[in-house]
Amino acid sequence: MTLKKPQEYIDDLRAIAGDIDVYMFGEKVENYVDNPIIRPSINAMAMTYKLAQEPEYEDLMTEVSTLTGERVNRFAYLHQSKEDLIKKVKMLRLLGQKTGCCFQRCVGMDAINALYNTTFEMDAKHKTDYHERFKKWLIDIQNQDLTVDGCMTDARGDRSKSPGQQPDPDAYLHVVEKREDGIVVRGCKLHQTGMLNSHEILVMPNNSLKPGEEEWAVCFAIPLNTPGMIFVYGRQSCDTRKLEGGDIDIGNKYFGGQEVMTIFNDVFVPWDRVFMCGETDFTTMIVERFAGYHRQSYGGCKVGVGDNLIGCAKALADYQGVAKASGVKDKIVEMCHLNETLYACGIACSAEGRETAAGNYLIDILLANICKQNVTRFPYEIARLGQDIAGGYFVTMPSEKDFDIPEVGELVKKYSSTSTEVPVENRQRMLRLMENLTLGCAAVGYLTESMHGAGSPQAQRIMITRLIDLEHRKELAEKLCGVKENNDVDWE
Amino acid sequence: MTNLDKRPIKLRIKYCGGCNPLINRKKLVDEVLNCLKVSTPVEITQKHADIALVVCGCSVACVDLAKIRNHAEYVILVAGNYINHYQVSSDQMATIICQLINEREEVKLNC
């Protein structure tokens with residue numbers, strides 16, 4: 001079996017849920033799969049399985065694996081061309097449209113592609129066998145259609161100190177013991193998107209390391225239910241609305257994101273699942289390539305969510321009778337312009353991708369960083385314009401329960417009505433979706449994740465500084481104005 | 001010795017368009033040719049070649065390699081700071097290209 005059905009995926013999670021140590025609101029969660037706070041995020045991940053089953057989405061959602069010859073989910077696939085990189089962006093936009101939130105599976109795809117080409121180059125230099133180990137593991141992932149959590153961001157302690165300088169060495173995940181049969185690791189990865197919805201965890205170092213910091217230079221994969229793993233579920237704005245029993249005030253009726261504090265409490269990893277152990281000279285490559293792939297991803301997924309936000313603003317303009325106002329129309333055009341600019345960046349860094357020594361394709365790192373830099377800004381402006389068009393009622397509207405009680409229900413409906421042609425409940429639902437996307441649960445993914453996910457804005461600016469040749473540009477200007485001789489002009 | 005060893009190496013040099021180069025392509029080729037003068041006789045050709053040296057200014061490498069491969073026994077691809085997909089420090093590029101031309105085989109670049 002290479003393409004799992006959504007129900008089979010959810011059954012997989014149910015089968016291991018009893019082995020997973022999950023904590024939320026100060027309590028251990030016994031069955032996280034059916035917990036109303038967590039379930040929307042599982043539904044979003046399930047959509048990556050659902051669409052792969054549908055002929056009308058097959059071209060984007062699946063591809064034939066070069067490792068197995070079988071058709072596999074694109075989230076477990078190694079990009080073989082620029083066209084594949086472009087299709088990845090389109091697939092992420094599609095899923096953003098279908099779920100209206102972070103659907104969490106891209107981080108594993110990005111880690112898989114980065115590890116594949118980095119381990120190849122690491123082996124060429126160090127005569128190690130990480131690439132073959134990794135391929136063996138990946139074939140298993142593809143054959144079973146498993147979801148992988150790409151796991152990078154450490155707790156990091158004092159940000160002014162490198163891993164080797166931290167008073168607590170656990171501030172960055174590290175190897176605490178090397179055994180004949182494997183390694184033991186300790187540490188914590190923060191902000192882990194979709195962690196509990198993944199079959200496997202693929203761990204990478206957080207940053208560039210130098211000689212002397214070998215214990216932190218470690219990549220490996222473990223199943224979610226590995227002994228020693230502890231998960232503490234992250235809160236989201238308005239999360240407890242999911243416990244209220246209604247289906248309007250939650251905004252997005254079906255889907256949501258998930259971030260988890262993930263603690264590795266002396267976890268054993270067998271050698272055949274270790275893909276880097278001490279090679280500090282390849283930590284920069286793995287971090288830059290994973291970050292590059294992930295910064296490309298944002299040019300797809302956030303655009304798909306943005307499509308929902310634009311649709312929400314358009315619907316509210318229609319429902320509230322302002323759709324023909326030139327100012328409103330202009331604001332919607334601006335939202336579209338910003339959203340499509342992000343998409344253009346995602347496509348551009350894919351179209352300018354290149355083949356790696358391992359054979360899979362890598363995006364253009366500079367343009368991927370430009371893409372993500374824009375993503376740190378534009379969704380905030382799109383959200384601001386959406387809120388502007390919506391009006392203030394999406395943050396002052398009474399609870400959905402107040403619309404139904406005998407004492408004031410009819411009055412609340414009467415004074416929430418805009419037009420006889422628009423049911424009050426439609427307006428209610430759309431206003432709550434605006435709230436969800438711009439300051440509720442989904443804003444975690446659409447706004448703050450846009451800011452900090454795949455690296456905060458300054459991380460991209462550092463990369464842009466490194467990758468742009470300013471001296472070349474200076475020389476262009478000097479030749480043009482006569483400061484330097486211009487040999488190109490050799491005619492009379 | 002083979003016949004190939006006795007005659008000059010037929011070398012085809014193909015540049016990308018040079019829109020956004022991260023390296024000085026012309027300077028690099030001059031360095032390579034100077035380096036080869038010492039060890040290897042070279043005949044520059046635009047026809048079928050023993051080796052095609054494709055010099056692209058950035059990692060995108062937009063030259064159509066399929067066309068080049070049809071007219072050369074062996075292709076060396078320079079793409080910004082990468083040679084045959086491996087990253088190389090700027091000061092080593094010419095030396096490594098000369099080494100590849102002399103050896104006429106793909107060598108692993110541990111850079």
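In this predicted model, chain B has an average pLDDT of 87, and 88% of its residues score at least 70. The pLDDT falls below 50 over residues 106-111 of chain B, a stretch that nevertheless has 16 contacts in the model beyond near neighbours in sequence. Where pLDDT is low, predicted coordinates should not be read in detail. For the complex, the predictor gives an ipTM of 0.83 and a pTM of 0.94.

Between the chains, 10 residues of chain B are in contact with 11 residues of chain A. On the chain B side of this interface, six residues are nonpolar, three are polar and one is charged.

Chain A itself is divided into two parts: domain 1 spans residues 6-285 and domain 2 spans residues 287-468. Their C-alpha centres are 24 Å apart. Contacts between these domains of chain A involve 51 residues of domain 1 and 48 residues of domain 2.

Three helices of chain A each supply at least two residues of the side of domain 1 that touches domain 2:

| Helix of chain A | Residues |
|---|---|
| Helix 4 | 82-99 |
| Helix 5 | 106-126 |
| Helix 7 | 283-319 |

Helix 4 of chain A makes the largest contribution to this side of domain 1, with 12 residues. By class, the side of domain 1 of chain A that touches domain 2 of chain A holds 21 nonpolar residues, 21 polar residues and nine charged residues.

Terms used: Residues numbered from 1 in each chain as written. Chains lettered and ligands numbered in written order. Predicted model: local features only at pLDDT ≥ 70, side-chain atom pairs only at ≥ 80, totals over all residues. pLDDT = per-residue confidence, 0-100. Contact = placed C-beta atoms within 7 Å. Nonpolar A, V, L, I, M, F, W, Y, C, P; charged D, E, K, R; others polar. Domains from an automatic or database assignment. Helix = DSSP H or I, 4+ residues; strand = E, 2+ residues; numbered from the N terminus.
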